[in-house]
Amino acid sequence: ERELGRGAMATVYLAKDLRHDRDVAIKLLQPEITTSLTAERFLREIHITAKLQHPNILTLFDSGAENGLCYYVMPHVEGESLRDRLLWEKSLSVDGAVQLAIEVTSALAYAHSRGVVHRDIKPENILFSAGHAIVADFGIARAVSEGQRNITAVGIPLGTPPYMSPEQAQGEENIDHRSDIYAVGC
C-alpha cells in the first residue's frame with residue numbers, strides 16, 4: 001500500500017494480507033545486500049529466527065526470494081519506535097526506562113539462549129505495541145553477518161555505528177551476545 005521506512009539494508013512496505021485480511025509489513029532487502037547473500041542462506045537464517053517465539057520479539061509470518069530479491073513478512077506494528085518516542089519525550093521516566101530494559105533484555109536473553117545474536121539493537125528496532133517493547137529485525141542478523149565481507153566491500157555498513165560494540169565496529173567475525181548487551185547500554 002505504501003512505503004513505511006527505508007534504511008541502508010532494506011525498505012519496509014505496508015501491505016494487505018488478502019488471505020487473512022490483516023495489515024502486514026514486508027521488508028525487502030536492497031539489491032546490493034541480496035547479491036552478497038545467497039537466497040538459500042537468507043531463507044535458512046529466516047527459518048531459524050522465525051522460530052523465536054517471545055512476547056517481546058516481532059514474529060515473522062513468511063519469507064522468500066523472488067527474481068533475485070529477498071523479503072520477509074511480519075505483523076504491522078501500529079505503535080511507534082523508541083526513536084520516535086525519544087523525539088517527542090526527550091527522556092524516559094526511571095520506571096519506564098527500567099521496564100523497557102527488562103522487556104528488551106528478556107527478548108535478547110531468549111534469542112541468545114537459542115544461538116541468535118541480533119547485531120543491530122538501536123532505538124529504531126525497538127517498537128511499542130500496547131505499551132510493551134517489541135524487538136524487531138532479528139530476521140537477517142546472522143545471514144547479513146555471514147555476508148559481511150561482500151557487503152562491506154560494496155560500502156554498506158553492517159550495524160549502526162553509535163550502537164556497535166568495539167569488536168563489531170572493527171569487523172570481527174565472531175560477534176556474540178555481548179555485542180547486543182553493549183548496544184542496549186548505548
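This is a short tour of a predicted model, stop by stop, with the residues to select at each one.

**Stop 1: the β2–β3 hairpin**

Select residues 10-17, strand β2, and residues 22-29, strand β3; the two strands pair in the antiparallel sense over eight bridges. Together they form a hairpin, with four residues between the strands. To check the register, show Leu14, which stands opposite Ala25 in β3. Then go to the turn and pick Asp21, whose phi is positive, at about 50°.

**Stop 2: from β3 to β5**

Keep β3 on screen and add residues 69-75, which make up strand β5. β3 and β5 also pair in the antiparallel sense, here over five bridges. A useful marker for this pairing is Lys27, which stands opposite Tyr72 in β5. While the strands are displayed, one general point helps with reading them: in a regular strand the side chains alternate between the two faces of the sheet.

**Stop 3: charges around the hairpin**

Return to Asp21 and show side chains. Asp21 forms a salt bridge with Lys16, and the closest N and O atoms are 4.0 Å apart. Asp21 is exposed, at 61% relative accessible area, while Lys16 is partly exposed, at 35%. Add Asp23 to the selection: Lys16, Asp21 and Asp23 are linked in a network of salt bridges.

Next, select Arg22 and Asp17. Their side chains meet in a salt bridge, at 2.9 Å from N to O. Is Asp17 buried or exposed? Asp17 is buried, with a relative accessible area of 17%. Its partner Arg22 is partly exposed, at 30%.

Stay on Arg22 and add Phe61. The charged end of Arg22 sits over the ring of Phe61, 3.8 Å from the ring centre. Arg22 therefore takes part in two kinds of contact, the salt bridge with Asp17 and the placement over Phe61.

**Stop 4: a salt bridge at Glu3**

Select Glu3 and Arg6. These residues form a salt bridge in which the closest N and O atoms are 2.8 Å apart. Glu3 is partly exposed, with a relative accessible area of 36%, and Arg6 counts as exposed, at 55%. A search of the whole structure finds nine salt bridges, and those visited on this tour are among them.

**Stop 5: the largest nonpolar core**

Hide the charged side chains and select Leu52, Leu100, Val104 and Phe138. Of the 18 residues in the largest nonpolar core, these four touch the most other members. Colour α4 (94-113), β6 (126-129) and β7 (132-135), each of which supplies at least two residues of this core. Which element gives the largest share? The answer is α4, with six residues.

Centre on Leu100 and show its surroundings. Neighbours within four places in sequence aside, Leu100 is in contact with Leu82, Leu92, Ile126, Phe128 and Ala133. Another core, of 14 residues, lies apart from the one just shown; Val12, Ala25, Phe42 and Ile134 are among its members. Ala25 was also met at the first stop, opposite Leu14.

**Stop 6: rings**

Phe128, already on screen as a contact of Leu100, has a charged neighbour. Select Arg85, which lies over the face of Phe128 at 3.7 Å from the ring centre. Finally, display the aromatic rings. How many aromatic pairs are there? The count comes to zero, with 6.5 Å between ring centres as the cut-off for a pair.

How values were computed:
Residues numbered from 1 in each chain as written. Predicted model: local features only at pLDDT ≥ 70, side-chain atom pairs only at ≥ 80, totals over all residues. Heavy atoms only, no water. Phe/Tyr/Trp six-rings, centres within 6.5 Å; stacked < 30°, edge-to-face > 60°. Lys NZ or Arg CZ within 6 Å of the ring centre and 35° of its normal. Core = buried A, V, L, I, M, F, W, Y, C linked by side-chain atoms within 4.5 Å. Buried < 20%, exposed > 50% of the residue type's maximum accessible area, 1.4 Å probe, protein only. Contact = heavy atoms within 4.5 Å. Pairing = 2+ DSSP bridges.
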